[in-house]
Amino acid sequence: MRALLIKGLDVTEVQANGLEDYYRLMEIDCIDIVTREIGGKFYDVICDDEALFKENPIPTIFDEEKQPMIFGNIIIAGLADGEGNMTDLTDEDI
């Protein structure tokens, strides 16, 4: 799947095709997948489920009041399809 990997201030387009890729790209051991609205469109966000247990967690996504919602490295992908499969980001999404 075509996605964006965000690690700190670095944003990279990646191909991530499953759990092993998520772990390797994000350099983590445990994920969660949440849906968030970004710029009026909904995306699936693969995030580090243990980010807050790490020393000095870095906030990655903030809400409208600028409060941190998600910490650590993330992958942003298109919404999962009807079968639960992650989908590609489009050129416009990127």
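Two strands count as paired if DSSP finds at least two bridges between them. On that basis, this predicted model has five strands in an open sheet, ordered β2-β1-β7-β4-β3 with antiparallel pairing. Confidence looks good on paper: the chain averages a pLDDT of 95, and 100% of the residues score at least 70. Here's a quick tour of the sheet, the hairpin, the two cores and the cysteines.

**The sheet**

- The edges are taken by β2 (10–15) and β3 (31–38), each of which pairs on one side only.
- Ignoring direction, neighbouring strands in this sheet are turned by 30° against each other on average.
- β1 and β7 run antiparallel to one another and share three bridges.
- If you want a spot to look at there, try L5, whose bridge partner in β7 is I75.
- β7 also has the highest mean pLDDT among the elements of the chain, at 98.

**The β5–β6 hairpin**

- Strands β5 (residues 59–62) and β6 (residues 68–71) are antiparallel and joined by three bridges.
- Together β5 and β6 make a hairpin with five residues between them.
- In the turn, K66 has a positive phi of about 65°.
- F62 has P68 as its bridge partner in β6.
- Of the chain's elements, β5 has the lowest mean pLDDT, which is still 92.

**Two nonpolar cores**

- The largest nonpolar core has 14 residues, and M1, Y22, M26, I46 and I75 are the ones that touch the most other members.
- Three elements give two or more residues to this core: β1 (2–7), α1 (19–26) and β7 (74–77).
- The biggest contributor is α1, with three residues.
- Leave out residues up to four places away in sequence, and I75 touches A3, L4, L5, A16, Y22, L25, M26, D44, V45 and I46.
- So I75 turns up twice: L5 is its bridge partner and also one of the residues it touches.
- There's a second, separate core of 11 residues, with I6, V45, C47 and I76 among them.

**The cysteines**

- You won't find any disulfides here; the structure holds zero.
- C30 is in no disulfide, and the nearest cysteine sulfur, that of C47, is 9.5 Å away.
- Why is C47 not bonded to C30? The two sulfurs are 9.5 Å apart, too far for a bond, because a disulfide needs the sulfur atoms within 2.5 Å.
- Buried or exposed: which is C47? With a relative accessible area of 7%, C47 is buried, because the cut-off for buried is under 20%.
- C30 has 24% relative accessibility and therefore counts as partly exposed.

**Around C47**

- C47 is located in strand β4 (residues 41–48) and, as noted above, is a member of the second core.
- Setting aside neighbours within four places in sequence, C47 is in contact with M26, I28, C30, I31, D32, V34, I70, N73 and I74.
- C30 is on that contact list, even with the two sulfurs 9.5 Å apart.
- I31 is on the list too; its C-alpha is 5.5 Å from that of C47, although the two residues are 16 residues apart along the chain.
- M26 is another of the contacts of C47, and M26 is also one of the residues with the most neighbours in the largest core.

How values were computed: Residues are numbered from 1 along each chain as its sequence is written. This is a predicted model: local features need pLDDT of at least 70, side-chain atom pairs count only at pLDDT 80 or more; totals for chains, interfaces and linings use all residues. Side-chain values use heavy atoms; hydrogens and water are left out. A nonpolar core is a set of buried Ala, Val, Leu, Ile, Met, Phe, Trp, Tyr and Cys residues joined through side-chain atoms within 4.5 Å. Buried means under 20% relative accessible area, exposed over 50%, partly exposed in between (1.4 Å probe, protein chains only). Helices (H or I, at least four residues) and strands (E, at least two) are DSSP runs, numbered from the N terminus. Contact means heavy atoms within 4.5 Å. Axes are lines fitted to C-alpha atoms, for helices over the stretch in contact, and angles run from 0 to 180 degrees between N-to-C directions. pLDDT is the predictor's confidence in each residue, from 0 to 100.
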